[in-house]
Amino acid sequence: MKAGPDIAMVASLVGDPARANMLTALLSGRALTASELAQEAGITPQTASSHLAKLEAGGLIEPEKQGRHRYYRLSDPDVAGVLEGLAGLAARAGHMRVRTGPKDPALRRARICYDHLAGDLGVQMLESMKAQKLVRQKKQDIELTPEGERFLEKNLQISPRMLAHPRRPLCKACLDWSERRHHLAGMLGAALMARFTELKWAARDPTPGSRVVNFSRTGEKRFAALFGKGE
């Protein structure tokens, strides 16, 4: 018997269409109920409960009880990274959903990927940070530079020293499915998205299940001033 991680087990959990739709819905970063996830997957609540039990047992999601309701969220940011990477692989291989809607361009421009900014603006931000020497990237490893620390504290009042986490890196490359390049994940990626929201530069689309991030006119100008397109 071969040793090491059981890729087939994880692949089987993600590979079912209903479970894949549920996991994709949870990429919004919001905790959703079984009924909401059943609706996203287009299945009955009873069938959804069976799928959710398998995903929970497989360590891909975790429940959270609040009052009479039971909510589900992705168990770890790494799960979101894997799902985003699979979406990119599906796009490159031509396995696209037939139905597109008016929000598709907005989704590609700026969207939430678990808790950080993705899409064209997410990729643009990372490229700009590299061009300004705020971060250094070698493959999937990203390192914040001293210049980057000063930039963040001066312009966004973010102190990287306050973002230490025992299980999550400060910076991490996440492959963007629509741009097919990396955007910034990790604790810093999450902190930046939270700061954009606090400053009212950007806001999540309130539509249930939506991952679209809308920037205000002022927010776009401020964002562009800090993270204009890199050379």
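The exercises below work through a predicted model, each with a task and a stepwise solution.

**Exercise 1. The second largest pocket**

Task: Determine which residues lie closest to the centre of the second largest pocket, and which element gives the largest share of its lining.

Solution: Begin with the pocket itself, whose volume is about 420 Å³. Its lining is made up of 21 residues, and those closest to the centre are Pro77, Asp78, Gly81, Val82 and Lys172. Next, assign the lining to secondary structure: two or more residues come from each of helix 5 (77-92), strand 8 (172-175) and helix 9 (186-198). Helix 5 gives the largest share, with six residues. Finally, sort the lining by class, which yields nine nonpolar, seven polar and five charged residues.

**Exercise 2. Aromatic pairs**

Task: Classify the ring pair of phenylalanine 196 and phenylalanine 227 by its geometry, and state which parts of the chain the pair links.

Solution: A search over the whole structure gives seven aromatic pairs. For phenylalanine 196 and phenylalanine 227, the ring centres are 6.5 Å apart and the planes stand at 65°, so the pair is edge-to-face, given that the cut-off for this class is over 60 degrees. The pair joins distant parts of the chain, since phenylalanine 196 belongs to helix 9 and phenylalanine 227 to helix 10 (residues 217-227), with the two positions 31 residues apart in sequence. Both phenylalanine 196 and phenylalanine 227 are buried.

Task: Describe the geometry of the pair formed by phenylalanine 215 and phenylalanine 223, and decide whether each residue is buried or exposed.

Solution: The pair is edge-to-face, with 5.3 Å from centre to centre and 65° between the planes. Phenylalanine 215 has a relative accessibility of 13% and therefore counts as buried, and phenylalanine 223, at 2%, counts as buried as well. To place these residues in a wider setting, note that ring pairs link Phe151, Phe196, Trp201, Phe215, Phe223 and Phe227 into a cluster.

**Exercise 3. Two helices in contact**

Task: Characterise the packing of helix 7 (residues 120-131) against helix 10, and identify the residues that meet.

Solution: The geometry comes first: the two helices pack at an angle of about 35°, and their axes are 9 Å apart. On the side of helix 7, the residues involved are Leu121, Gln124, Met125, Ser128 and Met129, and they meet Phe223, Leu226 and Phe227 of helix 10. By class, this contact holds six nonpolar and two polar residues, with no charged residue. Two of the helix 10 residues named here, Phe223 and Phe227, also belong to the aromatic cluster.

**Exercise 4. Positive phi outside glycine**

Task: Locate lysine 133 and arginine 180, and assign each to an exposure class.

Solution: Lysine 133, although not a glycine, has a positive phi of about 60°. This lysine is in the loop between helix 7 and strand 6 (135-138), and because its relative accessibility is 57%, lysine 133 counts as exposed. Arginine 180 likewise has a positive phi, near 60°, in a residue other than glycine. Arginine 180 lies in the loop between strand 8 and strand 9 (182-185), and its relative accessible area of 44% makes it partly exposed.

**Exercise 5. Sequence separation and spatial separation**

Task: For leucine 170, alanine 18 and aspartate 141, set the separation in sequence from a given partner beside the C-alpha distance.

Solution: Leucine 170 sits in the loop between helix 8 (146-156) and strand 8, and at 29% relative accessibility it counts as partly exposed. Its C-alpha atom is separated by 8.7 Å from that of isoleucine 142, 28 residues away along the chain. Beyond its neighbours within four places in sequence, leucine 170 is in contact with residues including Leu144, Pro160, Leu163 and Met187.

Alanine 18, in helix 2 (residues 17-26), counts as buried at 11% relative accessibility. Alanine 18 and glycine 42 are 24 residues apart in sequence, and their C-alpha atoms are 7.4 Å apart. Leaving aside neighbours within four places in sequence, alanine 18 is in contact with Ala41, Ile43 and His51.

Aspartate 141 is part of strand 7 (residues 141-144) and, at 59% relative accessibility, counts as exposed. Aspartate 141 and serine 35 are 106 residues apart in sequence, with 38 Å between their C-alpha atoms.

Technical notes
Residues are numbered from 1 along each chain as its sequence is written. This is a predicted model: local features need pLDDT of at least 70, side-chain atom pairs count only at pLDDT 80 or more; totals for chains, interfaces and linings use all residues. Side-chain values use heavy atoms; hydrogens and water are left out. On a 1 Å grid over the protein atoms alone, a cavity is a set of points where a 1.4 Å probe fits but cannot get out, and a pocket is an open set with protein on both sides within 12 Å along at least five of seven lines; lining residues have an atom within 4 Å of a point. Grid points are joined across faces, edges and corners, and a volume is the space filled by probe spheres set on the points. Helices (H or I, at least four residues) and strands (E, at least two) are DSSP runs, numbered from the N terminus. Ala, Val, Leu, Ile, Met, Phe, Trp, Tyr, Cys and Pro count as nonpolar, Asp, Glu, Lys and Arg as charged, and the others, Gly among them, as polar. Rings of Phe, Tyr and Trp (its six-membered ring) pair if their centres lie within 6.5 Å; planes under 30 degrees apart count as stacked, over 60 as edge-to-face and the rest as tilted. Buried means under 20% relative accessible area, exposed over 50%, partly exposed in between (1.4 Å probe, protein chains only). Contact means heavy atoms within 4.5 Å. Axes are lines fitted to C-alpha atoms, for helices over the stretch in contact, and angles run from 0 to 180 degrees between N-to-C directions.
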